[in-house]
Amino acid sequence: MYPILFKIFGFEIRAYGVMIAIAAIAGTILGAREAKRRGLNPDLVYDFVFYAILAAIIGSRIYYVLFFDPAYFIKNPLEMFAIWKGGLAIHGGLIAGLLTAIWFTKKHKLSFWFFTDTVTPSVILGQAIGRGACTLNGCSYGKSTNLPWAITFTNPDAAAPLGIPLHPTQLYELILDLAIFAMVFLLRKKIKFNGQLFLIYGMAYGIARFIVEGFRGDQLTIGGYISTAQTISIVIFIISLMLYLYLKKGGAPVSPKGGLKKKKVTAH
């Protein structure tokens, strides 16, 4: 593929960085529009995106460094900061983004579940575009295969093994992410309780990622049978399902007035 789009004045413009920037812009625009539709100040989304992107980059990089090839980064510590070459693990980014959302909603006295429902379409859209970045860069590559739709990387700058037909796992997940995006986008006006859309996304993504991991060629396995990412995907699915059933049983309706927390009224 094309890890380096072009060079200008000696600087490399890498496809990974460009696509991640596009993902951030697209997600922000969609999130602001969704916030306005739901009665939430769009400026809150702009503020959140700044913190969330920073946290997600740091979290996804830390996850990648710790779980993919720690020995390499111990020998080459400066490479830990070379994120423009790829190497951002989505699970680490999601965890960091979730923690940021908890902090942000508490700071602004917003309903956490209302807010996460608002930004859910943006998150999965950004993930889909991010898999486009992986396709161009060659990271998150698949196992070798003889299937007719296999992709073979020949660019020496690609992160994938060269000259070997591989499962296009980046495209597998891109397609599944777009399917999840279409689902949550269509359901966003039909949710019955706060958190419903976000938890549907959590369950759907947990299933999708578990499936795609079975074709990945760069995963770490636990006991040689199941990958670390598959294990985390199972945990995400179970927690999302449990919270979904709990919130559904509670019957809390979608928050009015932009998801502002109701003030407690003290009787005198």
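## Salt bridges, pockets and surface of a predicted model

Helix α7 holds both Glu-213 and Arg-209, which sit four residues apart, about one turn of the helix. The model described here is predicted. The side chains of these two residues meet in a salt bridge, with 3.0 Å from N to O. Both partners lie away from the surface: Glu-213 counts as buried because its relative accessibility is 2%, under the 20% cut-off. Arg-209 is likewise counted as buried, at 5% relative accessibility. Glu-213 also has a salt bridge to Arg-216, at 3.2 Å from N to O, and Arg-216 is buried as well. Through salt bridges that share partners, Arg-131, Glu-173, Arg-209, Glu-213 and Arg-216 are joined into one network.

**Overall make-up**

The protein has eight helices and four strands. Read from the N terminus, the order of elements is β-β-α-α-α-α-α-α-α-β-β-α. Of its 268 residues, 46% are buried.

**Salt bridges**

Side chains of opposite charge can pair when their charged atoms come close. In this model the count of salt bridges comes to six. Three of them are listed below.

| Salt bridge | Closest N to O distance |
|---|---|
| Arg-37 and Glu-34 | 2.5 Å |
| Glu-213 and Arg-209 | 3.0 Å |
| Glu-213 and Arg-216 | 3.2 Å |

The pair Arg-37 and Glu-34 lies in helix α1, which covers residues 15–37, and the two are three residues apart, about one turn of the helix. Are Arg-37 and Glu-34 buried, exposed or partly exposed? Arg-37 counts as partly exposed because its relative accessibility is 37%, which falls between the cut-offs of 20% and 50%. Glu-34 is buried, with a relative accessible area of 5%.

**The largest cavity**

The structure holds two cavities of 30 Å³ or more. The largest cavity has about 110 Å³ of space. Its lining consists of 13 residues, and those nearest its centre are Tyr-63, Phe-68, Arg-209, Thr-228 and Ala-229. Arg-209 thus belongs to this lining and also to the salt-bridge network described above. Four helices each supply at least two residues of the lining: α2 (42–67), α4 (90–107), α7 (196–213) and α8 (228–250). By class, the lining of the largest cavity has seven nonpolar, three polar and three charged residues.

**The largest pocket**

The largest pocket has a volume of about 1300 Å³. It is lined by 47 residues, and the closest to its centre are Ile-90, Gly-93, Leu-94, Val-123 and Gln-127. Two or more lining residues come from each of α1, α2, α4, α5 (112–137), α7 and α8. Which element gives the most to the lining of the largest pocket? That element is α5, with twelve residues. The pocket lining divides into 32 nonpolar, 14 polar and one charged residues.

**A nonpolar patch on the surface**

Seen from outside, the model shows a nonpolar patch formed by Ile-207, Phe-210, Ile-211, Phe-215, Ile-234, Ile-238 and Met-242. Together these residues have about 610 Å² of accessible area. Helices α7 and α8 each supply at least two of the patch residues. Ile-238, one of the patch residues, is found in helix α8. With a relative accessibility of 43%, Ile-238 counts as partly exposed. Helix α7 therefore contributes to the patch, to the cavity lining and to the pocket lining, and α8 is named in each of these as well.

**Two loop residues with positive phi**

Lys-109 has a positive phi of about 55 degrees although it is not a glycine. Its place is in the loop between α4 and α5. Ser-140, also not a glycine, has a positive phi of about 55 degrees. Ser-140 lies in the loop between α5 and α6 (169–187). Which of the words buried or exposed applies to Lys-109, and which to Ser-140? Lys-109 is exposed because its relative accessible area is 61%, over the 50% cut-off. Ser-140 counts as buried, since its relative accessibility of 11% is under 20%.

Key:
Residues are numbered from 1 along each chain as its sequence is written. This is a predicted model: local features need pLDDT of at least 70, side-chain atom pairs count only at pLDDT 80 or more; totals for chains, interfaces and linings use all residues. Side-chain values use heavy atoms; hydrogens and water are left out. On a 1 Å grid over the protein atoms alone, a cavity is a set of points where a 1.4 Å probe fits but cannot get out, and a pocket is an open set with protein on both sides within 12 Å along at least five of seven lines; lining residues have an atom within 4 Å of a point. Grid points are joined across faces, edges and corners, and a volume is the space filled by probe spheres set on the points. Ala, Val, Leu, Ile, Met, Phe, Trp, Tyr, Cys and Pro count as nonpolar, Asp, Glu, Lys and Arg as charged, and the others, Gly among them, as polar. Patches are made of residues with over 30% relative accessible area and no salt bridge: like charges are joined within 9 Å, nonpolar side chains (Val, Leu, Ile, Met, Phe, Trp, Tyr) within 5 Å. Accessible areas come from the Shrake-Rupley method with a 1.4 Å probe; for residues, only the protein chains shown count as cover. A salt bridge is a side-chain nitrogen of Lys or Arg within 4 Å of a carboxyl oxygen of Asp or Glu. Buried means under 20% relative accessible area, exposed over 50%, partly exposed in between (1.4 Å probe, protein chains only).
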